[in-house]
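Subject: Structure handover

Hello,

Here is the structure I said I would pass on. My notes follow below it.

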Amino acid sequence: MSSEDRSGSLGTFKTFAIAEGILLIVLGILALVFPVIASVWTTVVIAVLFLVGGLVGWISNLARSGRMGRWICFWRLVVSTLFLVAGASMISNFGDTADALQQVAAFALAIGIVFLVEGVVAFFSGLAHANRSGAGWAIANGVITFILGLLIVTLKFWGLLWVLGTLVGISFLFSGLELIVFSSSMHDDQNPPAAT
């Protein structure tokens, strides 16, 4: 790749990365300003992903059933069916505002429970590898994740409604900042990440 091609490719990469970063920052700020709306949209997207994942799982498992054991195929189909049922159930509950809000709260509560379990696992995993470098980070991650989970599961109904939107907003905000800082720090003598 010539230096002119590299410079043009890098310029295109930086432009798109900065634009994506700005978009993520704007979406992150909107999600933080309107966390309940962001929570509802996040739940809708996840419901659609469950439906698509369940459908793709069914097609994939049936297509590969001859190469898989009977029980493996059966259990994979069970999981795919659960994804389909969960996605359809979530989407059907969005017809009524009260049901939609209950769906969002239930999903936020489930995330809180996952955080609790993940925090305990990360904490004890860090303790089990205490003699390795970085174990302190695993322990700290476990404690922080557990505390976040505890905060979420102890929230009242209306508090649960802003959890998903806030988490998505924070994630988008930091992802956007990271993209802008990363792409701005690239120089003309470097290849864009996609070209390496």
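To begin with one residue, W71 is exposed, because its relative accessibility of 61% is over the 50% cut-off. Please keep in mind that this is a predicted model.

W71 forms an aromatic pair with F74. The two ring centres are 5.7 Å apart and the planes stand at 85 degrees, which makes the pair edge-to-face. Both residues belong to helix α3, which covers residues 70-92. They are 3 residues apart, or about one turn of the helix. F74 has a relative accessibility of 40% and therefore counts as partly exposed, since that value falls between the 20% and 50% limits. W71 and F74 also join W75 in one aromatic cluster.

The count of aromatic pairs is 5. Another of them is F123 with F124: the centres are 5.2 Å apart and the planes are at 85 degrees, so this pair is edge-to-face. F123 is partly exposed, at 26% relative accessibility.

The other item is a nonpolar surface patch of about 1000 Å². Its members are I22, L23, V26, L27, I29, L30, V33, F34, I37, W41 and F172. Two elements, α1 (3-33) and α2 (35-63), give two or more residues to the patch. The largest share, 7 residues, comes from α1.

F34 is in the loop between α1 and α2. With a relative accessible area of 44%, F34 is partly exposed. Patch members need over 30% relative accessible area, so F34 meets that part of the rule.

Regards

How values were computed. Residues numbered from 1 in each chain as written. Predicted model: local features only at pLDDT ≥ 70, side-chain atom pairs only at ≥ 80, totals over all residues. Heavy atoms only, no water. Patch = residues over 30% accessible without salt bridge, like charges linked within 9 Å, V, L, I, M, F, W, Y side chains within 5 Å. Areas by Shrake-Rupley, 256 points an atom, 1.4 Å probe, with all protein chains shown as cover. Salt bridge = Lys/Arg side-chain N within 4 Å of Asp/Glu carboxyl O. Helix = DSSP H or I, 4+ residues; strand = E, 2+ residues; numbered from the N terminus. Buried < 20%, exposed > 50% of the residue type's maximum accessible area, 1.4 Å probe, protein only. Phe/Tyr/Trp six-rings, centres within 6.5 Å; stacked < 30°, edge-to-face > 60°.
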